[in-house]
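Reader: I am new to reading structures. Could you take one part of this one and look at it closely for me? Then show me how it sits in the whole.

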Amino acid sequence: MFYRRGMDDLIYTHLSVRIPDRRDRYLFIGFGQLFDDVTASSLMTVDIEGSNVGRTPGEVNPAGWVVHRTVFEAVPEAESVMHLHTVPGVAVSAQKGGLLPINQFAITHAGRIAYHDYDGPGLRPAEQKTLIRDLGDKRMMFLRNHGTLTWGRSIAEAFTLMHYLERTCEIQIAAQAGGQPVLPPKSVIERTAAIGQGTGNVEWARIGFEALLRRLDREDPSYRR
């Protein structure tokens, strides 16, 4: 689904999920795979160290896994972690003001998005601690000058948060290109964010995600192999 939206970056962004009946095992994309290469049988099973402990051969990109490991270790609720480097996502991550309350998603989630300053490639042990400190209790994060990150209590939640986060970045870049965006009054933003429509309910994302799966099954069910 991310590939079809043009959200891949060659082989350098990753998606992961915790295996439900093995809390210390995770499914991860093997090094060298494009998003549209990935099928159910090609996913690797790794432990928290990023070692391949399953039957699928392959290697793990350590620099790619460390972001996922850091979140999984710190957030027991996290069932899925997603990290992208899209053009609009990185563009907004590089803006001083970050994500603006420019559409309903950004308004609803105002104050619920974290920011982590760029500290070079990879994730040094010291930076792992600051990333988790910056993440706090939030499920979405901009890695400054780098990309976007979401975690969810299900694949559907992590995916849907990323879908709308990235879509909002696209809207922001488009609106800025056309002139000075119009933002709602602060009082409206605060009132809407306080309602937090769907933000606390893990089922919020399920229906839309299942609809996308049905479409994918109609158009190209090869991912299930």
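Author: Here is a look at one residue, followed by the chain around it. The model is a predicted one. Start at arginine 167. This arginine sits in helix 5, which covers residues 155–177. Is arginine 167 buried, exposed or in between? Its relative accessibility is 42%. Buried means under 20% and exposed means over 50%, so arginine 167 counts as partly exposed.

Now look across the fold. Glycine 89 is 78 residues away from arginine 167 in sequence. In space, their C-alpha atoms are 8.8 Å apart.

Next, the annotated stretch. An unreviewed UniProt entry marks residues 1–173 as "domain: Class II aldolase/adducin N-terminal". Helix makes up 32% of residues 1–173, and strand makes up 20%. The C-alpha atoms at the two ends of this stretch lie 22 Å apart.

Step back to the whole protein. How many helices and strands does the protein have? There are seven of each. Read from the N terminus, their order is β-β-β-α-β-α-α-β-α-β-β-α-α-α. The radius of gyration is 17 Å, close to the 17 Å that the globule rule gives for 225 residues, so the protein is as compact as a globular protein of that length. Its C-alpha trace spans about 55 × 45 × 30 Å along the principal axes.

What about the inside and the surface? Of the 225 residues, 44% are buried. The accessible surface is about 11700 Å², and carbon and sulfur atoms account for 54% of that. Charged side chains come as 26 positive and 26 negative. The centres of these two sets are 5 Å apart.

Definitions and conventions
Residues numbered from 1 in each chain as written. Predicted model: local features only at pLDDT ≥ 70, side-chain atom pairs only at ≥ 80, totals over all residues. Heavy atoms only, no water. Helix = DSSP H or I, 4+ residues; strand = E, 2+ residues; numbered from the N terminus. Buried < 20%, exposed > 50% of the residue type's maximum accessible area, 1.4 Å probe, protein only. UniProt positions renumbered as here; feature names shortened; annotations may be inferred. Rg over C-alpha atoms; globule rule 2.2 N^0.38 Å. Areas by Shrake-Rupley, 256 points an atom, 1.4 Å probe, with all protein chains shown as cover. Lys, Arg positive; Asp, Glu negative; His and termini not counted. Charge placed at Lys NZ, Arg CZ, Asp CG, Glu CD.
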